[in-house]
Amino acid sequence: MSLTRCPNGHMFSTRKHGNICPYCSSSVEFQGAKGGEKRPVQQMEEDEKTMPYMGEVKGIDPVTGWLVCIEGPQLGQDYRIMAEKNFIGRSEEMHIRIIGDNSVSRRNHAVIVYDPKKRNFYLLPGDASGLAYHNNEAVYSPVELTAYDVVQLGRSKFIFIPLCGTHFEWEDSGA
């Protein structure tokens, strides 16, 4: 990942945001040719620098379950599933990022949802061209996931491991 420091001291990805800092909208000029050193357009006084806004910190967003890769380039890798919608793809913007398998769509190959009110997990098809499979059956509409179901995306297969559900919920534990 290509990181640059803006005149206010914020670090950001130039690949994702170009030469505009997403925190303070200041511009960064690129000096030199390809791969050259980067320097700010204007230098600011030390007392004018700001810290990046990270939003309100309420603690961590607790895990509700996992996908564990059992076949494919990321064999053995685990992926955290959080409450509500978890978009799956290869892109950095995805909640669950599957790298190394180019047959997985970049964006929204599939979605795993944890519904905290019903305490159920669901696998939904994404809006990309690739299909998702649940226990070797193509997913065309939401399918409920249960422990140890197999989810296939591209050439990769995953085992679904729930944490939350009928036996445990974070709100019950005081978290």
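Biologist: Let's start with the hairpin end: over how many bridges do strand E14 and E15 pair?
Modeller: Keep in mind that this is a predicted model. Strand E14 covers residues 150-153, and one pair across the two strands is Leu 153 opposite Ser 156 in E15. Val 151 sits opposite Phe 158 in E15 as well. The two strands run in the antiparallel sense, and the count of bridges is four.

Biologist: And which residue in that hairpin takes a positive phi?
Modeller: Two residues lie between the strands of the E14 and E15 hairpin. One of the pairs in this ladder is Leu 153 with Ser 156. The residue with a positive phi, near 60 degrees, is Gly 154.

Biologist: Which side chains of E14 are buried?
Modeller: Side chains alternate along this strand. Val 150 and Gln 152 point to one face and aren't buried. Pointing to the other face, and buried, are Val 151 and Leu 153.

Biologist: What stands opposite Leu 153 in E14, on the E11 side?
Modeller: E14 pairs with strand E11 too, residues 132-134. That pairing is antiparallel and has three bridges. The residue opposite Leu 153 is Ala 132.

Biologist: Moving along, which residue stands opposite Trp 66 in E15?
Modeller: Trp 66 falls in strand E5, residues 65-71, which is joined to strand E15, residues 156-162. Those two run antiparallel, with six bridges between them. Facing Trp 66 across that ladder is Ile 161.

Biologist: So what are the edge strands of the sheet that holds these?
Modeller: Six strands make up this open sheet, and the pairing is antiparallel. Their order is E6-E5-E15-E14-E11-E12. An edge strand pairs on one side only, and that leaves E6 and strand E12 (137-138).

Biologist: There's another sheet, with five strands; what are its edge strands?
Modeller: That one is open as well, in the order E8-E7-E9-E10-E13, and its pairing is mixed. Towards one end, three bridges join strand E10 (residues 120-125) to E13 in antiparallel fashion, with Leu 123 opposite Val 143. The edges are strand E8 (96-97) and strand E13 (143-145).

Biologist: Which strand gives the most to the largest nonpolar core?
Modeller: The core has 21 residues, and Leu 67, Ile 88 and Leu 153 have the most contacts inside it. At least two residues each come from E5, strand E6 (78-81), strand E9 (110-115), E10, E14 and E15. The top contributor, with three residues, is E9.

Biologist: Take Leu 67, then: which residues of E15 does Leu 67 touch?
Modeller: E15 spans residues 156-162. Leaving out residues up to four places away in sequence, Leu 67 touches a list that includes Ile 81, Ile 88, Ile 112 and Val 151. The contacts that fall in the E15 range are Phe 158, Ile 159 and Phe 160.

Biologist: Where does Pro 73 sit, and is Pro 73 buried, partly exposed or exposed?
Modeller: Its place is the loop between E5 and E6. Beyond its neighbours within four places in sequence, Pro 73 contacts Gly 100, Asp 101, Arg 155 and Ser 156. The C-alpha atoms of Pro 73 and Ser 156 are 7.2 Å apart, though 83 residues separate the two along the chain. Since its relative accessibility is 41%, Pro 73 counts as partly exposed.

Biologist: Why does Asp 61 count as partly exposed?
Modeller: Asp 61 belongs to the loop between strand E4 (38-40) and E5. Not counting residues up to four places away in sequence, Asp 61 touches Arg 80 and Met 82. The class runs between 20% and 50%, so Asp 61 falls in it with a relative accessibility of 46%.

Biologist: Asp 61 also lines the largest pocket; how much space lies in that pocket?
Modeller: The lining has 10 residues, with Asp 61, Pro 62, Ala 83, Glu 169 and Trp 170 nearest the centre. By class, six are nonpolar, one is polar and three are charged. The space comes to about 240 Å³.

Biologist: Last one: what share of the protein chain is buried?
Modeller: The chain has two helices and 15 strands. Among contacts with a separation of 6 or more, 35% link residues 24 or more positions apart. Of the 175 residues, the buried share is 31%.

Terms used:
Residues are numbered from 1 along each chain as its sequence is written. This is a predicted model: local features need pLDDT of at least 70, side-chain atom pairs count only at pLDDT 80 or more; totals for chains, interfaces and linings use all residues. Side-chain values use heavy atoms; hydrogens and water are left out. Two strands pair if DSSP finds at least two bridges between them. Buried means under 20% relative accessible area, exposed over 50%, partly exposed in between (1.4 Å probe, protein chains only). Contact means heavy atoms within 4.5 Å. On a 1 Å grid over the protein atoms alone, a cavity is a set of points where a 1.4 Å probe fits but cannot get out, and a pocket is an open set with protein on both sides within 12 Å along at least five of seven lines; lining residues have an atom within 4 Å of a point. Grid points are joined across faces, edges and corners, and a volume is the space filled by probe spheres set on the points. Ala, Val, Leu, Ile, Met, Phe, Trp, Tyr, Cys and Pro count as nonpolar, Asp, Glu, Lys and Arg as charged, and the others, Gly among them, as polar. A nonpolar core is a set of buried Ala, Val, Leu, Ile, Met, Phe, Trp, Tyr and Cys residues joined through side-chain atoms within 4.5 Å.
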